[in-house]
Amino acid sequence: MIKLIVTDMDGTFLNDEKKFSDEFWGIYEKLDQKKIKFVVASGRQYQNLRKNFARIKEKIVFIAENGSYVIENEEEIYSRVLSEDIIKKYVDLGRKIPTTNLVLCGKKSAYIESTDSDFIKEVEKYYEEKKIVKSLLEIKDDEIIKIAYCDLTGTEKNVYPYLENEIDCQIVVSGEIWLDISHLESNKGIALGVLQKKLGVTVDETMIFGDYLNDCEMLQRGKYSFAMENAHEKVKSVANFLAKSNNENGVLEELKKII
């Protein structure tokens, strides 16, 4: 019996226009009636996710910043904060990649240095709270839980090779133009494991949806793990099942089957 449903956002729950069908609200009501917990697990900022699900924000769980920050009903369940040394190291590395811009992701806000319009347009899709600062290394009043590299030329080929041999943190390509750096004890799979233990839910009682490389660990935490039809090939090899694409409401189609 399924007791927990977990979905990624971009490329999974959201279509390519970054929207989801209003049909979800009726489906959610039926899941809630069956006491099935709904979880959003994303590389997005918590404040951004909360806005997207404002109607039910007190009832669902948010796994934000690729597992670095887990919130239920405004209360922190889990987080992993980056050390000053790690922040300095990866800010310095990112600045050396000519086509890359950086986002420092804190619990309160996201921080950027660049004012490039194309970069800011991408940041605004995922970060509700954001500030432009003179230096990312001078932020003192927030806890930093992730560093995001944004590269419009593509991160898997043009950014990841600079970092693939680093072993002091989690490094994952989270989208075509995004790469995320977080604590060694921080990914969607670890965060989901913490949540499953808290809720008393097993792997066999968990359904999960994902599409990109930052979803791989998470997909291994559920018997009913679905890769989207549009997913990265590695993700398809990890998941147990295949769902229709994000543009065909693949997640909602599978949820209808269990209600």
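This is a short dialogue about strands, helices, buried residues and empty spaces in a predicted model.

Trainee: What makes Asp215 count as buried?

Mentor: Its relative accessible area is 0%. The cut-off for buried is under 20%. Asp215 is therefore buried.

Trainee: Where is Asp215, and which residues does Asp215 touch?

Mentor: Asp215 sits in the loop between β12 (206–210) and α9 (216–219). Leaving out residues up to four places away in sequence, Asp215 touches Asp8, Lys188 and Gly210.

Trainee: Why is Glu254 called buried?

Mentor: Glu254 has a relative accessible area of 10%. Buried means under 20%, so Glu254 qualifies. This residue belongs to helix α11 (residues 250–258).

Trainee: Which residues are in contact with Glu254, beyond its neighbours within four places in sequence?

Mentor: They are Phe209, Phe226, Leu242 and Ala243. Contact here requires heavy atoms within 4.5 Å. Ala243 is 11 residues from Glu254 along the chain, and their C-alpha atoms are separated by 7.2 Å.

Trainee: On to strands. How do you know that β1 and β2 pair?

Mentor: Count the bridges. Pairing needs at least two bridges. Strand β1 (residues 4–7) and β2 have 4 bridges, so they pair, and the sense is parallel. Leu4 stands opposite Lys37 in β2.

Trainee: What joins β2 to β3?

Mentor: There are 3 bridges between β2 and strand β3 (residues 61–64). At least two are needed, so these strands pair too. They run parallel. Val40 has Phe62 in β3 as its bridge partner. Between β2 and β3 the chain passes through helix α3 (residues 46–52), in a right-handed β-α-β crossover.

Trainee: What makes β2 mostly covered?

Mentor: Strand β2 spans residues 37–41, and 4 of its 5 residues are buried. Each of those 4 therefore falls under 20% relative accessible area.

Trainee: Now the sheet of 6 strands. Why are β8 and β10 called edge strands?

Mentor: The order is β8-β7-β6-β9-β11-β10, in an open sheet with mixed pairing. Strands β8 (130–132) and β10 (170–175) each pair on one side only. On average, neighbouring strands in this sheet are turned by 25 degrees against each other, direction ignored.

Trainee: How do you know that β10 and β11 pair?

Mentor: They share 5 bridges, and at least two are required, so they pair. Strand β11 (residues 178–182) runs antiparallel to β10. Ile171 has Ile181 in β11 as its bridge partner.

Trainee: Which helix packs on the sheet?

Mentor: Helix α5 (residues 117–126) does. It touches β6 (100–106), β7 (110–112), β8, β9 (144–151) and β11. The direction of α5 makes about 30 degrees with that of β6.

Trainee: What is in the largest pocket, and what lines it?

Mentor: About 580 Å³ of space. The lining has 28 residues, and Asp10, Lys18, Tyr126, Gly175 and Glu176 are the closest to the centre. Helix α5 gives the largest share of the lining, 3 residues. At least two residues come from each of α1 (9–13), α5, β9, β10 and β11.

Trainee: Why is a cavity not called a pocket?

Mentor: A pocket is open, whereas in a cavity a 1.4 Å probe fits but cannot get out, so the names differ. The structure holds 1 cavity of 30 Å³ or more. The largest cavity has about 30 Å³ of space. Its lining is Thr12, Phe13, Phe20, Ser21, Asn249, Val251 and Leu252. Helices α1 and α11 each supply at least two residues of that lining.

Notes. Residues are numbered from 1 along each chain as its sequence is written. This is a predicted model: local features need pLDDT of at least 70, side-chain atom pairs count only at pLDDT 80 or more; totals for chains, interfaces and linings use all residues. Side-chain values use heavy atoms; hydrogens and water are left out. Buried means under 20% relative accessible area, exposed over 50%, partly exposed in between (1.4 Å probe, protein chains only). A crossover is right-handed if, with the strands pointing away from the viewer, the path from the first strand over the helix to the second runs clockwise. Axes are lines fitted to C-alpha atoms, for helices over the stretch in contact, and angles run from 0 to 180 degrees between N-to-C directions. On a 1 Å grid over the protein atoms alone, a cavity is a set of points where a 1.4 Å probe fits but cannot get out, and a pocket is an open set with protein on both sides within 12 Å along at least five of seven lines; lining residues have an atom within 4 Å of a point. Grid points are joined across faces, edges and corners, and a volume is the space filled by probe spheres set on the points.
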